[in-house]
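Thanks for coming. I will go through one structure today, starting with the chain as a whole and then moving to a few places in it. Please have a look at it first.

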Amino acid sequence: MEYEFRRNRLEGTVFAQFSMEHVVLGRWFTEELGADEAHIRHILSQILLLQSGKNQQWHHVGGDLTIDIDREQVRVYVSAIADEQEYELQESMSVYNAESEAYCGLEDFERVLTDWLNFINEA
(Lines give C-alpha, C1' and ligand atoms only; values in the text may rest on other atoms or scores of the structure.)
Protein backbone atom coordinates (compact mmCIF):
# COMPACT_ATOMS: atom_id res chain seq x y z
CA MET A 1 0.00 0.00 0.00
CA GLU A 2 1.53 3.26 -1.12
CA TYR A 3 0.62 6.57 0.47
CA GLU A 4 1.79 10.12 0.86
CA PHE A 5 0.84 12.82 3.34
CA ARG A 6 0.81 16.49 2.45
CA ARG A 7 0.28 19.75 4.25
CA ASN A 8 -1.14 23.01 2.93
CA ARG A 9 0.76 25.46 5.09
CA LEU A 10 -1.27 28.44 3.88
CA GLU A 11 -4.60 26.94 4.96
CA GLY A 12 -3.22 24.77 7.76
CA THR A 13 -4.82 21.61 6.36
CA VAL A 14 -3.43 18.11 5.94
CA PHE A 15 -4.41 15.45 3.45
CA ALA A 16 -3.53 11.88 2.60
CA GLN A 17 -3.17 10.38 -0.84
CA PHE A 18 -3.18 6.60 -1.32
CA SER A 19 -2.59 4.29 -4.26
CA MET A 20 -5.52 3.62 -6.60
CA GLU A 21 -6.78 0.48 -4.85
CA HIS A 22 -6.88 2.32 -1.49
CA VAL A 23 -8.21 5.72 -2.58
CA VAL A 24 -11.01 5.69 -0.02
CA LEU A 25 -8.41 5.37 2.76
CA GLY A 26 -7.02 8.73 1.69
CA ARG A 27 -10.47 10.24 1.99
CA TRP A 28 -10.93 8.65 5.40
CA PHE A 29 -7.64 10.00 6.74
CA THR A 30 -8.26 13.46 5.27
CA GLU A 31 -11.99 13.88 5.94
CA GLU A 32 -12.74 11.72 8.97
CA LEU A 33 -9.49 11.98 10.95
CA GLY A 34 -7.85 15.19 9.86
CA ALA A 35 -5.56 16.48 12.60
CA ASP A 36 -7.73 15.16 15.46
CA GLU A 37 -5.00 13.66 17.63
CA ALA A 38 -7.46 12.45 20.29
CA HIS A 39 -9.45 10.48 17.70
CA ILE A 40 -6.28 8.96 16.25
CA ARG A 41 -5.06 7.92 19.71
CA HIS A 42 -8.48 6.43 20.46
CA ILE A 43 -8.32 4.28 17.32
CA LEU A 44 -4.77 3.20 18.18
CA SER A 45 -6.00 2.15 21.64
CA GLN A 46 -8.82 0.15 20.02
CA ILE A 47 -6.23 -1.60 17.83
CA LEU A 48 -4.25 -2.55 20.95
CA LEU A 49 -7.40 -4.01 22.51
CA LEU A 50 -7.98 -6.06 19.36
CA GLN A 51 -4.39 -7.27 19.25
CA SER A 52 -4.50 -8.28 22.92
CA GLY A 53 -7.69 -10.27 22.36
CA LYS A 54 -9.80 -8.07 24.63
CA ASN A 55 -12.07 -7.06 21.74
CA GLN A 56 -13.18 -8.89 18.62
CA GLN A 57 -13.96 -5.89 16.43
CA TRP A 58 -14.38 -2.13 16.38
CA HIS A 59 -16.81 -0.18 14.21
CA HIS A 60 -17.14 3.58 13.69
CA VAL A 61 -19.55 5.47 11.45
CA GLY A 62 -18.19 8.87 10.48
CA GLY A 63 -19.67 11.62 8.35
CA ASP A 64 -19.56 9.84 4.98
CA LEU A 65 -17.24 6.92 5.67
CA THR A 66 -17.39 3.93 7.97
CA ILE A 67 -14.50 1.89 9.34
CA ASP A 68 -14.64 -1.71 10.54
CA ILE A 69 -11.60 -3.18 12.25
CA ASP A 70 -11.11 -6.74 13.42
CA ARG A 71 -8.04 -8.67 14.54
CA GLU A 72 -6.84 -9.22 10.98
CA GLN A 73 -8.07 -6.50 8.68
CA VAL A 74 -9.52 -3.05 8.27
CA ARG A 75 -12.36 -2.10 5.95
CA VAL A 76 -13.11 1.53 5.09
CA TYR A 77 -16.17 2.21 2.97
CA VAL A 78 -18.71 4.82 1.99
CA SER A 79 -21.45 4.55 4.61
CA ALA A 80 -24.22 4.47 2.01
CA ILE A 81 -23.01 1.17 0.53
CA ALA A 82 -23.57 -0.61 3.83
CA ASP A 83 -27.31 -0.29 3.22
CA GLU A 84 -27.19 -1.59 -0.34
CA GLN A 85 -27.50 -5.23 -1.28
CA GLU A 86 -24.30 -7.06 -2.17
CA TYR A 87 -23.92 -7.40 -5.90
CA GLU A 88 -21.25 -8.34 -8.41
CA LEU A 89 -19.50 -5.34 -9.88
CA GLN A 90 -18.74 -5.40 -13.55
CA GLU A 91 -15.06 -5.20 -14.38
CA SER A 92 -15.51 -1.62 -15.64
CA MET A 93 -16.77 -0.62 -12.18
CA SER A 94 -13.58 -1.61 -10.32
CA VAL A 95 -12.35 2.01 -10.15
CA TYR A 96 -15.66 3.04 -8.59
CA ASN A 97 -15.32 0.19 -6.09
CA ALA A 98 -11.82 1.38 -5.10
CA GLU A 99 -13.26 4.83 -4.42
CA SER A 100 -16.03 3.32 -2.29
CA GLU A 101 -14.34 0.55 -0.33
CA ALA A 102 -10.86 -0.62 0.62
CA TYR A 103 -9.34 -3.35 2.77
CA CYS A 104 -5.91 -3.60 4.33
CA GLY A 105 -4.21 -5.65 7.02
CA LEU A 106 -4.40 -4.51 10.63
CA GLU A 107 -0.62 -4.18 11.02
CA ASP A 108 -0.35 -2.10 7.83
CA PHE A 109 -3.19 0.14 8.99
CA GLU A 110 -1.63 0.60 12.42
CA ARG A 111 1.67 1.62 10.79
CA VAL A 112 -0.07 4.16 8.51
CA LEU A 113 -2.11 5.54 11.40
CA THR A 114 1.06 5.99 13.46
CA ASP A 115 2.77 7.66 10.48
CA TRP A 116 -0.25 9.99 10.16
CA LEU A 117 -0.06 10.89 13.86
CA ASN A 118 3.64 11.66 13.54
CA PHE A 119 2.96 13.69 10.40
CA ILE A 120 0.29 15.91 11.95
CA ASN A 121 2.53 16.53 14.96
CA GLU A 122 5.42 17.79 12.82
CA ALA A 123 6.03 21.51 13.07
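What share of the contacts in the protein chain with a separation of 6 or more comes from residues 24 or more positions apart? The share is 55%. Keep in mind that this is a predicted model, so every value I quote is computed from that prediction.

Now the general layout. The protein chain has 4 helices and 6 strands. Read from the N terminus, the order of the elements is β-β-α-α-β-β-β-α-β-α. Of the 123 residues in the chain, 38% are buried. The accessible surface of the chain is about 7,600 Å², and carbon and sulfur atoms account for 46% of that surface.

Next, strand S4, which covers residues 65-70. I will take two residues from this strand.

Thr66 is in S4. Is Thr66 buried or exposed? Its relative accessible area is 2%, and buried means under 20%, so Thr66 counts as buried. Its side chain has a polar partner: the side chain of Ser79, at 2.7 Å. Ser79 also appears among the residues in contact with Thr66 once neighbours within four places in sequence are set aside. The others on that list are His59, His60, Val61, Arg75, Val76 and Tyr77.

Ile67 also lies in strand S4. Ile67 has a relative accessible area of 0% and is buried as well. Which residues does Ile67 touch, not counting those up to four places away in sequence? They are Trp28, Trp58, His59, His60, Val74, Arg75, Val76 and Phe109. Take Trp28 from that list. Trp28 and Ile67 are 39 residues apart along the chain, yet their C-alpha atoms are separated by 8.6 Å.

Phe109, another residue that Ile67 touches, brings us to helix H4. This helix has 15 residues, 106-120. How far should H4 span at 1.5 Å a residue? The expected span is 21 Å, and the C-alpha atoms at its ends are 21 Å apart, so the two values agree.

Which residues of H4 are buried? They are Leu106, Phe109, Val112, Leu113, Trp116, Leu117, Phe119 and Ile120. Looking down the axis of H4, these buried residues fall within an arc of 160 degrees, and therefore they line one face of the helix.

To recap: in strand S4, Ile67 is buried and touches Phe109, and in H4 Phe109 is one of the buried residues. That is all I have for today.

Definitions and conventions. Residues are numbered from 1 along each chain as its sequence is written. This is a predicted model: local features need pLDDT of at least 70, side-chain atom pairs count only at pLDDT 80 or more; totals for chains, interfaces and linings use all residues. Side-chain values use heavy atoms; hydrogens and water are left out. Helices (H or I, at least four residues) and strands (E, at least two) are DSSP runs, numbered from the N terminus. The expected span of a helix is 1.5 Å times one less than its number of residues. Buried means under 20% relative accessible area, exposed over 50%, partly exposed in between (1.4 Å probe, protein chains only). The arc is that of the directions from the helix axis to the C-beta atoms. Contact means heavy atoms within 4.5 Å. Accessible areas come from the Shrake-Rupley method with a 1.4 Å probe; for residues, only the protein chains shown count as cover. A polar contact is a pair of N or O atoms within 3.5 Å; within protein, one must be able to donate a hydrogen and the other to accept it, and residues adjacent in sequence count only if both atoms are side-chain atoms.
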